[in-house]
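Got your viewer open? Here's a short walk through the model, one selection at a time.

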Amino acid sequence: MTPETEAVRTHCPYCSLQCGMSLQKQGRAALEVQPWPDFPVNEGALCRKGWTAVGLRGSRERLTTPLVKDRVTGELRAAGWDEALDLVAGRVRDLQAAHGKDAIAVFGGGGLTNEKAYQLGKFARVALGTSQIDYNGRWCMSSAASAGNQAFGVDRGLPFPLADVEHADVVVLVGSNLAETIPPAARHLDRLRERGGRLVVIDPRRTLTAERADLFLQPVPGTDLALALGILHLLDAQGAVDEEYVAARTTGWADVRRSVASWWPERVERTTGVAADDLRELAGLLAGAERAVVLTARGAEQHAQGTATVLSWINVALALGMPGKRFAGYGCLTGQGNGQGGREHGQKADQLPGYRMIDDPAARDHVAAVWGVDPASLPGRGRSAYELLESLGTDDGAKALLVLGSNIVVSAPNAVRVTEWLEALDLLVVCDIVMSETAALADVVLPVTQWAEETGTMTNLEGRVILRQQAAAPPAGVRSDLDVIAGLAERLGSPIPFSTEPEEIFAELGRASAGGKADYAGISYDRIRAEQGVFWPCPAPSHPGTPRLFADAFATPDGRARFLAQEFAGAAEQPDRAYPVHLTTGRVLAQYQSGAQTRRIRDLPDTGPFVEMHPMLAARVGARDGEPVLVRTRRGEMKAPARVVDTIRPDTVFVPFHWVGANRLTNDALDPSSRMPEFKVCAASVTS
Ligand SMILES: Nc1nc2c(c(=O)[nH]1)N[C@H]1C(S)=C(S)[C@@H](COP(=O)(O)OP(=O)(O)OC[C@H]3O[C@@H](n4cnc5c(=O)[nH]c(N)nc54)[C@H](O)[C@@H]3O)O[C@H]1N2
Ligand SMILES: Nc1nc2c(c(=O)[nH]1)N[C@H]1C(S)=C(S)[C@@H](COP(=O)(O)OP(=O)(O)OC[C@H]3O[C@@H](n4cnc5c(=O)[nH]c(N)nc54)[C@H](O)[C@@H]3O)O[C@H]1N2
Ligand code: SF4
Ligand SMILES: [Mo]
């Protein structure tokens, strides 16, 4: 435990920037957030969510005792830890005896530390023996992950430190509102522009981020793929393709070149709504750039063609000869605190630690040896997040679900149906720090420690592994996720013990990841403290870590990046007479995700949901600013006040998803490769 006066260097509990902050003790239990100016990623800056992050400490909203559903009243009542864990283990055993191992499913989160994500994957495969595990990262950056793996042979959100973007000549943001979603990162764009670099923003809404742009393109939601095809067409027509780079470092250009031949600017204008002259201006900027960076975020990725869209922007970056060059290339801005690490250590349906694939025999042998189990005992691939939820209660679907780190009721697409599936389960167990909307449906709720009360590593959007250090004792009655996993494993008669010591688990994770793509073998807590984070891959203690990937080769078998031709199909659901407008969803600065945490922090404004629409649309449907409107889709409806602004396309409405509502509307069409749901576009009607 740290002395009373000492400040503990740690990181924010929320997004993928993982801003460094210092937590100063105030009296016996309270903590105060102070800047940590030396931490390079945020240089002491925080957004308002970071400054207010300690607001849940000591709050009456914190869960401090296990709760179990009373069989008679159906209400949750307080229970002891032994009672709650015995109950869960007993029901799990009964359900598995009756229906097989896959009767139990696990749903993790990209906010969990690396240690938790690793233990959760191991717990599912070894203690439960189930293949049914996936996590909310499937709804976050999975399309970019899938594209990165296909094109570059590896998936690391940014293959370079974020600050590199300052030194580019042109930065193109496709579907990122980073001024609201990773606000301290906006400084890099300001510096880029001070240096004379240009910023391009592509978004159906003129956001705070777009306000900074030199060029702003406002496409119809769901048409970014066509836009990328059109830009590559123009680059090729202008002779701007870096033939030397293409010949030396890539394969597949001839196919891609043919595939963009028919995407002339006027056709792209008809499809995307972006003027042909604006397309030409963007192509011109890119053609003239020595160093260009394309960054995608959820606006481009959360689509039924999200992977194809990212691949097409990667094609643009490859044609320009950028990936692997210093201060240039392609990157995805990951979202959750551990969005990157959360997808590397085995809580994904198809994956084992080190970003190994679960159906690769060599990977199974390696990981089973580290775990001390028979490789043949490890289950195979499970279902992706939405498909897992969709299968609940069906003949071969799970009958019980254990949730750590996600508020599914608010954040899953097609949430009316999803809620029904959760309600129909034989057993729903939720570990959380507060009574989230999902915890409120549970049969057993287990109260866990939050970030400042525990230690663990996270991997930020740059692939930098950082250390969150415990700054205060947890409230009485609360246990860590690691304790819960170990307690259940023991009760289930796991063949191997589960540690509850983060540093010990991290060392094991390093061994399990050794030789894999995301190799952490050379990283230790001491090194992270001394070096302000270490970039993976880092295969040995003597290895410096890898801030920049692809300088000499890509991670594909032949070392070349892949151009992969894509065809535009458009959004899965198109507007029609009954549902004439495009609905898109996303974030506001002051709220985080499902809002489970931030809606409970008093110093953050809780506006409730709203429906952002253009004055022309408002006039057409008779809506007035601040007055309620009804939004309907084929899946559900919600009522919320209109927010009338001229910054959005007149054919589109935007609803933030931090409150129950938005996801009653959204479409569950899935990307064929990443299984990402189409959160960012569907057809809707608006009435006043
Ligand atoms: N304040 C805040 N910050 C966060 C989070 C949060 O909940 N709140 N969550 C974190 C997480 S997990 C994530 S994943 C990131 C997400 O970070 P972002 O991707 O920046 O956030 P979003 O608001 O989901 O989407 C970005 C933009 O995409 C636009 N958009 C919608 N449809 C389309 C489209 O079809 N094409 C294009 N080009 N753009 C489109 C939206 O108008 C929006 O401005 O933020 C992280 N940071
Ligand atoms: N319509 C629409 N829907 C979306 C999106 C969108 O843009 N539009 N974005 C999607 C994206 S990108 C994401 S990432 C998801 C996120 O959506 P969710 O998966 O719901 O993410 P959170 O709200 O962060 O949920 C985390 C839950 O875990 C709890 N928690 C926090 N820390 C811990 C911990 O250490 N242990 C445990 N056990 N619990 C913890 C929190 O209190 C909270 O209840 O939403 C997706 N849903
Ligand atoms: S930008 Fe992200 S990590 Fe930084 S303070 Fe805000 S929420 Fe926290
Ligand atoms: Mo996310």
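Start with ligand 2 and Asn-663: a nitrogen atom of the ligand sits 2.8 Å from an N or O atom in the Asn-663 side chain. Keep in mind as you click around that this is a predicted model. On its own, ligand 2 exposes 920 Å², and the protein buries 95% of that.

Stay with the ligand and add Asp-432, where an N or O atom of the side chain is 2.6 Å from a ligand oxygen. Then pick Lys-116; here the distance from a side-chain N or O atom to an oxygen of ligand 2 is 3.0 Å. Want the wider surroundings? There are 31 residues around ligand 2, and those that come nearest are Asn-136, Ser-406, Ser-411, Asp-432 and Ser-594.

Next, select residues 142-152, which is helix H4. Is this helix enclosed or not? Largely enclosed by the rest of the structure, because 9 of its 11 residues are buried. Among the buried ones are Ser-142, Ala-147 and Phe-152. Show helix H12 (298-301), helix H13 (306-319), strand S13 (329-332) and strand S22 (561-562) to see what the buried residues of H4 pack against. Just after the helix comes Gly-153, with a positive phi near 80°.

Now for the nonpolar interior. The largest core has 176 residues, and Phe-123, Val-171, Leu-282, Leu-286, Trp-313 and Leu-333 touch the most other members. Zoom in on Leu-282: leaving aside residues up to four places away in sequence, its contacts include Val-172, Ile-202, Leu-217 and Trp-313. Last stop: a second, separate core of 27 residues, including Ala-105, Leu-388, Val-403 and Leu-428.

Terms used
Residues numbered from 1 in each chain as written. Chains lettered and ligands numbered in written order. Predicted model: local features only at pLDDT ≥ 70, side-chain atom pairs only at ≥ 80, totals over all residues. Heavy atoms only, no water. Buried < 20%, exposed > 50% of the residue type's maximum accessible area, 1.4 Å probe, protein only. Helix = DSSP H or I, 4+ residues; strand = E, 2+ residues; numbered from the N terminus. Contact = heavy atoms within 4.5 Å. Core = buried A, V, L, I, M, F, W, Y, C linked by side-chain atoms within 4.5 Å. Near = heavy atom within 4 Å. Polar contact = N/O pair within 3.5 Å; in protein donor to acceptor, adjacent residues only side chain to side chain. Areas by Shrake-Rupley, 256 points an atom, 1.4 Å probe, with all protein chains shown as cover.
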